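Welcome, and please load the model in your viewer. We will go through it stop by stop, with something to select at each one.

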Amino acid sequence: SFGWYEKDVKKIEEMIDTYRSFNEKNHQQKVDTFNNAQKTLKTLKEHGYLIGVVSSKMHKYVKLGLEQNDLLQYIDIIGSDEVQKHKPDPMPLNEALKTLKVMPKNAAYIGDHPNDIIAAKAANLQAIGVSYSIHYDQLLAEKPDVVVDDLEKLLYIF
């Protein structure tokens with residue numbers, strides 16, 4: 001993502017280091033969930049859905065955020081820095097599908113970034129965007145299949 005704003009490789013590396021340092025410090029203070037995250041994940045799990053997280057964040061930070069918000073119990077896998085390519089490439093989503101043993105036609109990917117929508121479409125998944133994205137206009141430009149304004153709305157889609 002930093003490559004969108006800067007072309008100098010050294011500066012990009014500095015930006016990544018700054019981001020990771022900030023991220024680590026702030027994750028220790030607790031990150032908050034989106035509205036109705038726990039209710040939605042709990043209901044989906046109770047109905048037999050497999051749930052994976054594919055994030056650009058490092059695995060340990062995704063896991064920490066889930067643990068801090070009592071959500072890890074609903075997650076079957078976490079994929080992030082375990083792959084060679086990252087979103088918008090579909091590789092991380094394809095790896096998650098393979099791990100969960102799920103066909104693309106039976107899966108969806110929910111994201112708040114345009115790269116999430118691009119990756120979902122490239123992996124032949126239903127692409128669901130969230131309206132509370134800070135990249136909302138760019139997300140819409142990628143034409144998600146559905147946009148929700150609250151995670152609870154997923155319960156009406158699935």
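A handy term before we start: a crossover is right-handed if, with the strands pointing away from the viewer, the path from the first strand over the helix to the second runs clockwise. Helices (H or I, at least four residues) and strands (E, at least two) are DSSP runs, numbered from the N terminus. This is a predicted model, in which local features need pLDDT of at least 70 and side-chain atom pairs count only at pLDDT 80 or more, while totals for chains, interfaces and linings use all residues. Residues are numbered from 1 along each chain as its sequence is written, and side-chain values use heavy atoms, with hydrogens and water left out.

**Whole chain.** Begin with a cartoon view: the chain has 7 helices and 5 strands, which run α-α-β-α-β-α-β-α-β-α-β-α from the N terminus on. The radius of gyration (over C-alpha atoms) is 16 Å, close to the 15 Å that the globule rule (2.2 Å times the number of residues to the power 0.38) gives for 158 residues, so the chain is as compact as a globular protein of that length.

**Strand β4.** Now select residues 126–130. Here 4 of the 5 residues are buried (under 20% relative accessible area, with exposed over 50% and partly exposed in between; 1.4 Å probe, protein chains only), so β4 is largely enclosed by the rest of the structure. Strands pair if DSSP finds at least two bridges between them. Add β3, residues 108–111: it pairs with β4 in the parallel sense over 4 bridges, and Gly111 has Gly129 as its bridge partner in β4. Between these strands the chain passes through helix α5 (residues 114–122), in a right-handed β-α-β crossover.

**Helix α5.** Show its side chains: Pro114, Asn115, Asp116, Ile117, Ala119 and Ala120 are buried. Their cover includes α4, β3, β4 and α6. Just past the helix, click on Asn124, which takes a positive phi of about 60°.

**On to β5.** Which helix joins β4 and β5 in a right-handed β-α-β unit? That is α6, residues 136–141. β5 (residues 146–148) pairs with β4 in the parallel sense over 3 bridges, and the partner of Ile128 in β5 is Val146. Try a distance label on that pair: C-alpha to C-alpha they are 4.9 Å apart, though 18 residues separate them in sequence. Val146 counts as partly exposed, at 24% relative accessibility. Beyond its neighbours within four places in sequence, Val146 is in contact (heavy atoms within 4.5 Å) with Gln126, Ala127, Ile128, Gly129 and Ile157.

**Salt bridges.** The last stop is charged: the structure holds 6 salt bridges (a side-chain nitrogen of Lys or Arg within 4 Å of a carboxyl oxygen of Asp or Glu). Select α2, residues 37–46, where Glu46 and Lys42 lie 4 residues apart, about one turn of the helix. Their closest N and O atoms are 2.7 Å apart. Glu46 is exposed at 55%, whereas Lys42 is partly exposed at 38%.

Next, pick Lys45 and Asp76, whose side chains meet at 2.8 Å, N to O. Lys45 is in α2 and Asp76 in the loop between α3 and β2, so the pair ties together parts that are 31 residues apart in sequence.

Finish in α4, where Glu95 and Lys98 lie 3 residues apart and form a salt bridge at 3.5 Å, N to O. Lys98 counts as exposed at 57% relative accessibility, while Glu95 is partly exposed at 33%.
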